[in-house]
Structures are given as C-alpha cells and as structure tokens.
Amino acid sequence: MRVVMFGYQTWGHRTLRALLGSRHEVVLTVTHPRSDHAYERIWSDSVADLAQEHGVPVLLRNRPGDDELLRALKEAEPDIIVANNWRTWLPPEIFDLPPHGTLNVHDSLLPSYAGFSPLIWALINGEQQVGVTAHRMDAELDAGDILLQRAVPVGPEDTATDLFHRTVDLIGPLVTDSLDLIASGQAVWTPQDRSRSSFFHKRSPEDSRIDWTWPARSLERLVRAQSDPYPNAFTHHRGERIRIVSAAVSEGRYGGTPGRIFIREGDGVVIVAGTEARSGRLPGLVVKRLRTEDGTEYAATDYFRSMGGYLTPHP
C-alpha cells in the first residue's frame, strides 16, 4: 500500500521506521516543528530527519488543513494514512481521504486513557498493565474502532521511563501487523466500549506538585510517574523547591500533620502523608533521594540533617 505518515517525537519515529522497513511504500510524511514544551523535548527523535534520510518528502505543520497540505495529500494518492503522536485533531477531509482511512496508534489500552500522557496517568492511577492500540481514526479523538492491541504488565517499581521503553518497542510490530491485516482484507474492527472510556489532558508542571494530603501509596506512584527525564514531582522546603527523585511507602505507620518531616526509616526520611494521617494508621512517604533547583542531588538522610519542619506544596 501507499502510505502517508503523520507523527511526531519518538513514537512517530518508531512508526515511520517500521513503515520504511515494511513491504509498503511511504510516499509522504507530515510532522510538527520542534517544540520547547517540557514534555515534547523528551523522547524527541526526529521524524523529519528520518524521512529525509530515506528520501521521503516532509511537510512541517503545527496544525493540518491548509490548501497546500491537502493538495500534497491528494497528489500522494495514499491507500492509507498512519498516525502516531500527531498532537492536534485531524479533520475528516484528511482522515477519510484514503480508501482505507487513517490508522491511529495510541499508547494506551483504549478506550481507557485516551488523550495525552497516558503512561504517566496510568502509573499514577495504579493500573496493572499498559499498552498500545491501533484503531481507525474518526471525528472523536482516540475513539475509533480497534484493530489490534498489545499490553505489558506494570511492575511494583516501574517508572514512567521503564514503561515508555517497554511500550515503544511494541509500536513497530503493531504497525506492520495492522497494515498487513488491512492489505490482506483480514482486518476485523471492534467498536470501543464507550462506557469504559476515559480522556486525560496534557501534563504540565502544575501536575507534578506534591499534595501531602494524598496517601503515601499515591505519592510514591507520582514520584515513579515523574521519573527522569520527565520533570520530577516537587515540593518546597523552607521556601525552596526540591524535586523528589526516588521514594517508597514506609514500613511503619506514622501519625501527625501531612507534610511533616518526621523520622528516619531505612535509607530515607519519612514524610507524613494522607488526610487521615492524624489517626496514626497510615504509612508515610519515605523520601530517599531529592534534587535541589541548582541540579544537585542528595540522599534525603544527608539533606534533612534534623527532623521537624514541613514540606509544603508552595513556598
């Protein structure tokens, strides 16, 4: 089949790489210009560079739909469009243009976690597995009929970085298997169960701010979800921002006011956490390593030389 690819960052790069190695022909690539958004500087393998290396024409667009792009798409005469990590809505005049429509690849197990940053949200929410979905694009974002899905388990110590590497490796086989099914006429499309759908917004720095009224288990997942190279979960100590690099749920149960720098446990320092912390029946968050705004990383036991005082969401 003749394929036009819409995509961006490493997700789009892996998709294009799979297409270039397949028996199908990539006739045009559309990608976004480079961005300074904190989350778009991460996993930023260039789709444009890969396309140019293989002699595939490239168009750069923040948003689609202009006359030049539509003309180029029609002249390319694609049998199918494949999209992965295209950051804006595609209009029907684009996604319905080819005979086989548009195959979108999304890094969640749809219908759950449609939208943005699905791996991070899924880890924060304690999901037991994550994955990748190939589905037919329609007018509603990430809501079209599903062709294939691949899943991987989430381990108790996995970070968002671990899950990224595990799921991005699923993209190539998923794309080639999907296109082969479509080309052979063997594709079976399954409508999404909309009663199970959820839609999440793009992450921002505010979403990494620690609220010490959250239970320790939720905060520990937040720290793992905001692992390097993502912007770390952060709090404030004596008016200065500190970023939590690694943490664990405490073995002991500690009572008091959320945010209190309480006691050493193992190789870390316990911070009281949870709205019910005053009962003394909840674990705290053991902060193990942290990073100050100048980039210096500390063991928590070295940084907090004495107990007492509070960590706060704001200075």
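**Notebook: pockets and Pro111**

I classified the residues lining the largest pocket and obtained 14 nonpolar, eight polar and six charged. The model I am working from is a predicted one.

I next looked up the extent of this pocket. The largest pocket encloses about 510 Å³ of space. Its lining comprises 28 residues, and I noted Asn85, Arg87, Asp107, Gly115 and Phe116 as those nearest the centre. I then asked which helices and strands each supply at least two residues of this lining. I found helix H1 (9-20), strand S5 (102-106) and helix H5 (118-124).

I turned to the second largest pocket, for which I recorded a volume of about 200 Å³. I listed 16 lining residues there, with Tyr8, His32, Pro33, Arg34 and Ser46 closest to the centre. Which element gives the most to the lining of the second largest pocket? I identified helix H2 (residues 47-53), which contributes three residues. By class, I recorded five nonpolar, six polar and five charged residues in the lining of the second largest pocket.

My last entry concerns Pro111, which I located in the loop between S5 and strand S6 (114-115). Is Pro111 buried or exposed? I entered Pro111 as buried because its relative accessibility is 2%, and the buried class covers values under 20%. Leaving out residues up to four places away in sequence, I found Pro111 in contact with Gln192, Asp193, Arg194, Arg196, Ser197 and Ser198. I also checked Pro111 against Gly144: they stand 33 residues apart in sequence, with a C-alpha to C-alpha distance of 9.2 Å.

How values were computed:
Residues are numbered from 1 along each chain as its sequence is written. This is a predicted model: local features need pLDDT of at least 70, side-chain atom pairs count only at pLDDT 80 or more; totals for chains, interfaces and linings use all residues. Side-chain values use heavy atoms; hydrogens and water are left out. On a 1 Å grid over the protein atoms alone, a cavity is a set of points where a 1.4 Å probe fits but cannot get out, and a pocket is an open set with protein on both sides within 12 Å along at least five of seven lines; lining residues have an atom within 4 Å of a point. Grid points are joined across faces, edges and corners, and a volume is the space filled by probe spheres set on the points. Helices (H or I, at least four residues) and strands (E, at least two) are DSSP runs, numbered from the N terminus. Ala, Val, Leu, Ile, Met, Phe, Trp, Tyr, Cys and Pro count as nonpolar, Asp, Glu, Lys and Arg as charged, and the others, Gly among them, as polar. Buried means under 20% relative accessible area, exposed over 50%, partly exposed in between (1.4 Å probe, protein chains only). Contact means heavy atoms within 4.5 Å.
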